Amino acid sequence: SASYVTVDNLTDALDVSVGKDFVCALDSSGAPYCWGSNVKGRLGTGNTNTYVTPKAANTSTTFVSIESGAKHSCALTSTGEMKCWGSNEEGQMGETLHCGSGCGTKSKKSPDTVYDLGSSTRFSKVSIGSESLFTAALIDNGSIAVWGEYTSTVYTDHFIVNSGVATDVAAGENHICYLEGGAVTCTGDNSAGQTTVPSLTNPTSVHAGADWSCAGLNNGTYTCWGSKAGW
């Protein structure tokens, strides 16, 4: 379509996220709906059927935010519980990779707890780049947990990327930026300068795309760095 169109069967939404070849949204009650490609169960519908209109995910949990990557999605509840679904080919579910009959996890076709972090961990934010094979999640103690394929290494067990006092996080395709102690730090792929942070005055938020990064400042403006191809 050359102009905006209304999504069928979804008249209102709390949040929306765009993956590589699918889209997920939360309706006004916080129920997740997804549509598009369903390879490895990335729509969370409990199967691998493709849906051209929004289809309810196979869960009774209601969420307040949702993020989607190349092959998976994660969502947060109002109490900070996180559930994810989709491919585990690169460790996105925080579980051992599938290695044949009887071992590992191929994928999660319905929203489920990330095994490595357990159901008792609470999160403030989850971030996944639309082309990303990894997840960066801000735990409510200020630590940022990362799992999946990050900078060409597969992590089926999470690692902590910061010192533990972050207040915001943003994931690009292969890099991460976070706000900690009033300063922005970026790490990972720097092929387009996306992790070379310029001088910033009073940053209050971070944002990231495939190969660019931005910081929101307390005066309402933004400073960005990295590739300008999409600007």
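Reader: Which word fits Asp 21, buried, exposed or partly exposed, and why?

Author: Asp 21 has 36% relative accessibility and therefore counts as partly exposed, given that buried means under 20% relative accessible area, exposed means over 50%, and partly exposed is what lies in between (1.4 Å probe, protein chains only). The model is predicted, so local features need pLDDT of at least 70 and side-chain atom pairs count only at pLDDT 80 or more, while totals for chains, interfaces and linings use all residues. Residues are numbered from 1 along each chain as its sequence is written, and side-chain values use heavy atoms, with hydrogens and water left out.

Reader: How do you know that the side chains of Asp 21 and Arg 42 meet in a salt bridge?

Author: The term requires a side-chain nitrogen of Lys or Arg within 4 Å of a carboxyl oxygen of Asp or Glu, and for Asp 21 and Arg 42 the N to O distance is 3.0 Å, so the pair is a salt bridge. Asp 21 lies in the loop between β1 and β2 (22-26), and Arg 42 in the loop between β3 (32-36) and β4 (51-56), so the pair ties together parts 21 residues apart in sequence. Arg 42, with a relative accessible area of 6%, is buried.

Reader: What makes Asp 168 and Lys 125 a salt bridge, and which strands hold them?

Author: Their closest N and O atoms are 2.7 Å apart. Asp 168 lies in strand β13 and Lys 125 in strand β9 (strands are DSSP runs of E, at least two residues, numbered from the N terminus), so the pair ties together parts 43 residues apart in sequence. Asp 168, at 9% relative accessibility, counts as buried, whereas Lys 125, at 27%, counts as partly exposed.

Reader: Which residues do salt bridges that share partners join into one network?

Author: The network joins Lys 40, Lys 71, Glu 89 and Glu 90. Within it, the side chains of Glu 89 and Lys 71 meet at 2.8 Å, N to O, and the structure holds seven salt bridges.

Reader: How much space lies in the largest pocket, and which residues are closest to its centre?

Author: About 250 Å³ lies there, and of the 19 lining residues the closest to the centre are Glu 67, Lys 125, Val 126, Ser 127 and Ile 128. On a 1 Å grid over the protein atoms alone, a pocket is an open set of points where a 1.4 Å probe fits, with protein on both sides within 12 Å along at least five of seven lines, and lining residues have an atom within 4 Å of a point; the volume is the space filled by probe spheres set on the points, which are joined across faces, edges and corners.

How values were computed:
Helix = DSSP H or I, 4+ residues; strand = E, 2+ residues; numbered from the N terminus.
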